[in-house]
Amino acid sequence: MGDGTVEEPLSSQESLPLSQETFDYLWEEYVIADQFHSLERIPSLENVDNSFFESTTVQESHPDTEVVSVEQINITDIVTLGQNSVSSSSAAYMPSSLPASQNWTGLHDFNVSFGPQEKNTKGVSWTYSGIKDKLYVRKDAPCPINFSAKSITSGHVVIRAMALYSSPEHASEVVHRCVNHSMMESSEGVFEAKHLVRCESQMADYKVDLTTKRHSVIVPFENPPAGQQFSTYIYKFTCFGSCTGGPNRRPLMLIFSLEEDGKVIGRRKFDVKICACPGRDKKTEEKQSVVEVTPEMPLKRKEKEMISLCDALDFTKSIYLPPVKKKKSNMGPPYTVSMTDQRCYEFLKNMKKLFDMCKAVNNLPPNIKALINSQKNNRESD
């Protein structure tokens, strides 16, 4: 400069703007400097082995670096492993049918029942309807359920409880709790936070099927105690049937299966409704299901409203009589006359008809008889 002063060069970060010149400067200063290796001397991936890291040049450039032997990776092995993992996952068994829900007592006469209700009022916490085969229960209310089975000697028998949607349009969906009710347990890391059905037992084990993602809870089956025909377990339902994001007013059913070493040996299912007032809902649904069936009257032969006498009496052609009520006869079975002559049969048939008409005329009210007599007299006078 003219004043003789010498300007000190600023650092690269302070003097150069973020531009192409900045990139060129950094490239020349840090990449092609003598203390670093040129990019042209960096070997390709296929040629990197232990001899490269053990070379004198690398050791002199990085004296504090410890050289560790490495094993060369075969790219074909990685591709083959990825293909095997994909094929194995795609070949995993995916059941296309729904879980079995048909009642089956099996060889051990497996049965599920409910004890008698102490009070049959609207304020009960749970109640069972035999008419609907349906359990009505409050949310989080303890519900005792009785299980019985005969000749259970193995100690590997369990009872599995699983909730399913009973309507066909939702049967394939997984039943779980709503977010509102499961949020607190989920934040605490509780495994069964989203399980709708709970069992109040120390031996309860909550399961999630790896394939179908369905929730279930299993407990070991215990033979009934002495003097009792069933074993009782306490179950709870941790969401309302109307909760949005959970059951969401979709009809539910509960399936209990008796399993031995993973094999089902008995099954019992019934509908369940989780509501705020079980007693009220039970009475309402039972009234709706019970149809007032009136006994149908047996079909009788349609009789003519009026019986014509013109076939037997000429003077009563214009007279029609009301039907005669048949009276029960105490004279025993009817008499039967058999014949081979057609003309005799027709004659007796007409006589029988005339006899019935005469009986009907004799039973007529006096005013009808007077009308018949007056028409008879008019015909005779004509």
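These points cover an annotated site and several salt bridges in a predicted model.

1. The annotated site. An unreviewed UniProt entry lists C178, H181, C239 and C243 under "binding site". These residues span 66 residues in sequence, yet no two of their C-alpha atoms are more than 9.0 Å apart, so the four gather at one spot.

2. C178. This cysteine sits in the loop that runs between β5 (157-165) and α6 (179-187). With a relative accessible area of 3%, C178 falls under the 20% limit and is therefore buried. Leaving out residues up to four places away in sequence, C178 touches C239, C243, T244, G245 and G246. Two of the listed site residues, C239 and C243, are thus among the contacts of C178.

3. C243. The loop between β9 (231-237) and β10 (252-260) holds C243. C243 is also buried, at a relative accessible area of 10%. Apart from neighbours within four places in sequence, C243 is in contact with C178, H181 and N248. C178 and H181 belong to the UniProt list as well.

4. Salt bridges across the model. Side chains of opposite charge can pair when their charged atoms come close. A search of the whole structure finds 14 salt bridges; the points below take up some of them.

5. K150 and D109. The closest N and O atoms of this salt bridge are 3.5 Å apart. K150 lies in the loop between β4 (143-148) and β5, and D109 in the loop between α5 (75-90) and β1 (111-113), so the pair ties together parts that are 41 residues apart in sequence. K150 is exposed at 52% relative accessibility, while D109 is partly exposed at 35%.

6. K139 and D140. Here the salt bridge has its closest N and O atoms 2.5 Å apart. D140 counts as partly exposed, with 32% relative accessibility.

7. K273 and E285. These two residues form a salt bridge whose closest N and O atoms are 3.3 Å apart. The pair links distant parts of the chain, with K273 in strand β11 (residues 263-274) and E285 in helix α7 (residues 278-289), 12 residues apart. K273 is partly exposed at 27% relative accessibility. E285 has a relative accessible area of 15%, which is under 20%, so E285 counts as buried.

8. A shared network. Salt bridges with partners in common join K134, K273, R280, D281 and E285 into one network. The K273 and E285 pair of the previous point is therefore part of this network.

Definitions and conventions: Residues are numbered from 1 along each chain as its sequence is written. This is a predicted model: local features need pLDDT of at least 70, side-chain atom pairs count only at pLDDT 80 or more; totals for chains, interfaces and linings use all residues. Side-chain values use heavy atoms; hydrogens and water are left out. UniProt positions are given in the numbering used here, feature names are shortened, and annotations may be inferred rather than shown by experiment. Helices (H or I, at least four residues) and strands (E, at least two) are DSSP runs, numbered from the N terminus. Buried means under 20% relative accessible area, exposed over 50%, partly exposed in between (1.4 Å probe, protein chains only). Contact means heavy atoms within 4.5 Å. A salt bridge is a side-chain nitrogen of Lys or Arg within 4 Å of a carboxyl oxygen of Asp or Glu.
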